[in-house]
Amino acid sequence: MKKHTEWKVLLRKAGKGDCKAFEELYRLTSQRVWFLCRGFCGNEHDAKDVMQEAYLSVWQNAGQLKEPERFPQWIECIAAN
């Protein structure tokens, strides 16, 4: 897992529109998020839609997370809801 400061830097950059930082956030969390979505949705098509919506929400709100070290839990919560 990333250190607190590393999550903070990635989220700050992604919040300012840095695609590379967002890609890194995705790379670090997408496998867990995929399995969560797949488990909830029961089929691959719906799971992809939910996952896309979750990461879109992250893209739009990345700079607002108060506790960057909790990013993995935050994205999972977004996906689950």
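Where is the place of T29? T29 sits in helix 2. The legends below describe close-up views of a predicted model.

**View 1. T29 and its surroundings in helix 2.** T29 is buried, at 5% relative accessibility, because the cut-off for that class is under 20%. Its side chain makes two kinds of polar contact. One is within helix 2: a polar side-chain atom of T29 lies 2.7 Å from the backbone oxygen of L25. The other is side chain to side chain, where T29 and Y55 are joined by a polar contact of 2.7 Å. Beyond its neighbours within four places in sequence, T29 is in contact with W7, Y55, F71, P72 and I75.

**View 2. The kink in helix 2.** The bend is about 55° and is centred on T29. The end-to-end span shows a shortfall as well. Helix 2 has 23 residues, yet its end C-alpha atoms are only 28 Å apart. A straight helix would reach 33 Å at 1.5 Å a residue. The buried residues of helix 2 are A21, F22, L25, T29, S30, V33 and C37.

**View 3. The two ends of helix 2.** At the N-terminal end, D18 acts as the cap. A side-chain oxygen of D18 lies 2.9 Å from the backbone nitrogen of K20. At the other end, helix 2 is followed by G42. The phi of G42 is positive, near 85°.

**View 4. The largest nonpolar core.** This core has 19 residues. L25, V33, F71 and I75 have the most contacts inside it. Four helices each give two or more residues: helix 1 (4–15), helix 2 (19–41), helix 3 (44–61) and helix 4 (71–80). I75 illustrates the packing. Not counting residues up to four places away in sequence, I75 touches T29, V33, A54, Y55 and V58.

**View 5. An aromatic cluster and the F22–W59 pair.** The model holds five aromatic pairs. F22 and W59 form one that is edge-to-face. Their ring centres are 5.0 Å apart, with 80° between the planes. F22 lies in helix 2 and W59 in helix 3, so the pair ties together parts that are 37 residues apart in sequence. F22 is buried, at 17% relative accessible area. W59 counts as partly exposed, at 32% relative accessibility. Ring pairs link F22 and W59 with Y26 and Y55 into a cluster. Y55 also appears in View 1, through its side-chain polar contact with T29.

**View 6. E76 against helix 2.** E76 belongs to helix 4. Leaving aside neighbours within four places in sequence, E76 is in contact with R32, V33 and L36. One of these, V33, is buried in helix 2. V33 is also among the residues with the most contacts inside the largest nonpolar core. E76 and G63 are 13 residues apart in sequence, and their C-alpha atoms are 17 Å apart in space.

**View 7. Q64 in the loop between helix 3 and helix 4.** Q64 is exposed, with a relative accessible area of 53%. This value falls in the exposed class because the cut-off is over 50%. Q64 and I78 are 14 residues apart along the chain. Their C-alpha atoms are separated by 14 Å.

Note on methods
Residues are numbered from 1 along each chain as its sequence is written. This is a predicted model: local features need pLDDT of at least 70, side-chain atom pairs count only at pLDDT 80 or more; totals for chains, interfaces and linings use all residues. Side-chain values use heavy atoms; hydrogens and water are left out. A nonpolar core is a set of buried Ala, Val, Leu, Ile, Met, Phe, Trp, Tyr and Cys residues joined through side-chain atoms within 4.5 Å. Buried means under 20% relative accessible area, exposed over 50%, partly exposed in between (1.4 Å probe, protein chains only). Contact means heavy atoms within 4.5 Å. The expected span of a helix is 1.5 Å times one less than its number of residues. The bend at a residue is the angle between axes fitted to the seven residues ending there and the seven starting there. A polar contact is a pair of N or O atoms within 3.5 Å; within protein, one must be able to donate a hydrogen and the other to accept it, and residues adjacent in sequence count only if both atoms are side-chain atoms. Rings of Phe, Tyr and Trp (its six-membered ring) pair if their centres lie within 6.5 Å; planes under 30 degrees apart count as stacked, over 60 as edge-to-face and the rest as tilted.
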